[in-house]
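Reader: I am new to reading protein models and would love a close look at one part of this one. Could you take me through it slowly?

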Amino acid sequence: MSATVTACHAEPAPTSYAPPSPSALSYSLTLPGEPYSAALARRTVASVLRTHRLDALVAAAAQVTGELMAAGWHSSPGDGLYLSVRYRDDSLRLIVYDAHAAHPHPRLAALCEARRRGHLRVLAALVRDCEGEWGFGPAREPGGGTRTWATLPYRAAA
């Protein structure tokens, strides 16, 4: 038995609204572990920052995002990469999670860490110029992997 629709809910009247504030910036997305994902992530972060009126951070944040994504892809090609973008306390925090787990053997772990640091040389220089911080380590989330992050203070990165 089908019901007959006799009324339609009216759409709400258009209202004016303020653009999203910087303090509301909190986004995350999962991207394929493929080379093209770095460009997609850079464009997404740039769009998000412009939407939240943080245009002054776009250049530095896009570069940092690309470096984080590239390092994740080199460490875990083909696996999904999870990107988190947050703005708190006048700083932008970018995090990329990849599926590359820590190695139990100390020598292999040291080699892997050196390789990852090598992939992040440009990121390290950029973050240093922006008076920010960066690092990487085991992901605390279920499933393991590696968490690589950078923080860009607004006053220096702008």
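Which residues are buried in helix α4? Please also show me what surrounds that helix.

Author: Happy to! Keep in mind that this is a predicted model. Helix α4 covers residues 121-129, and its buried residues are Leu123, Ala124, Leu126 and Val127. Here a residue is called buried when its relative accessible area is under 20%. The cover over these buried residues includes helix α2 (58-75) and the strands β4 and β5 (146-153). Just after α4, the chain comes to Glu131, which takes a positive phi of about 60°.

To understand that cover, let's turn to the sheet. An open sheet is formed by 5 strands in the order β1-β2-β3-β5-β4, with antiparallel pairing. β1 (26-31) and β4 are the edge strands, each with a single partner, so one side of each has no neighbour in the sheet. On average, neighbouring strands here are turned by 15° against each other, direction ignored. As general background, strands in a sheet pair through backbone hydrogen bonds.

Start with the two strands that help cover α4. β4 and β5 run antiparallel and are joined by 6 bridges. One pair to find on your screen is Pro138 with its bridge partner Thr146 in β5. Helix α3 packs on this sheet too, touching β3, β4 and β5, and its direction makes about 150° with that of β4.

Now step across to β3. β3 and β5 pair in the antiparallel sense over 8 bridges, and Ser91 stands opposite Pro153 in β5. Strand β3 is mostly covered, with 7 of its 8 residues buried. Next comes β2, which is joined to β3 by 7 bridges, again antiparallel. In that pair, Ser84 stands opposite Ile95 in β3. The hairpin of β2 and β3 has 2 residues between the strands, and Asp89 takes a positive phi near 50° there.

The other helix in the cover, α2, lies across β1, β2 (81-88), β3 (91-98) and β5, running at about 15° to β3. So α2 can be traced in two places: across those strands, and among the elements that cover the buried residues of α4.

If you follow the chain on from α2, you meet Asp79 in the loop between α2 and β2. Asp79 has a relative accessible area of 35%, so Asp79 counts as partly exposed. Leaving out residues up to four places away in sequence, Asp79 touches Pro32, Gly33 and Ala99. Glu133, by contrast, is 54 residues from Asp79 in sequence and 26 Å away in space, C-alpha to C-alpha.

Finally, let's see the largest pocket, where β4 and α3 come up again. Its volume is about 200 Å³. The lining has 13 residues, and Ala102, Ala109, Cys112, Phe136 and Thr146 lie nearest the centre of the pocket. Both α3 (106-119) and β4 (133-138) supply at least two residues of this lining, and α3 gives the most, with 4 residues. By character, the lining residues divide into 6 nonpolar, 5 polar and 2 charged. Thr146 is a nice place to end: this residue is the bridge partner of Pro138, and Thr146 is also among the residues nearest the centre of the pocket.

Conventions: Residues numbered from 1 in each chain as written. Predicted model: local features only at pLDDT ≥ 70, side-chain atom pairs only at ≥ 80, totals over all residues. Heavy atoms only, no water. 1 Å grid on protein atoms, 1.4 Å probe; cavity = no way out; pocket = protein on both sides within 12 Å on 5 of 7 lines; lining within 4 Å. Points joined across faces, edges and corners; volume = space filled by probe spheres on them. Nonpolar A, V, L, I, M, F, W, Y, C, P; charged D, E, K, R; others polar. Buried < 20%, exposed > 50% of the residue type's maximum accessible area, 1.4 Å probe, protein only. Contact = heavy atoms within 4.5 Å. Pairing = 2+ DSSP bridges. Axes fitted to C-alpha atoms, helices over the stretch in contact; angles between N-to-C directions.
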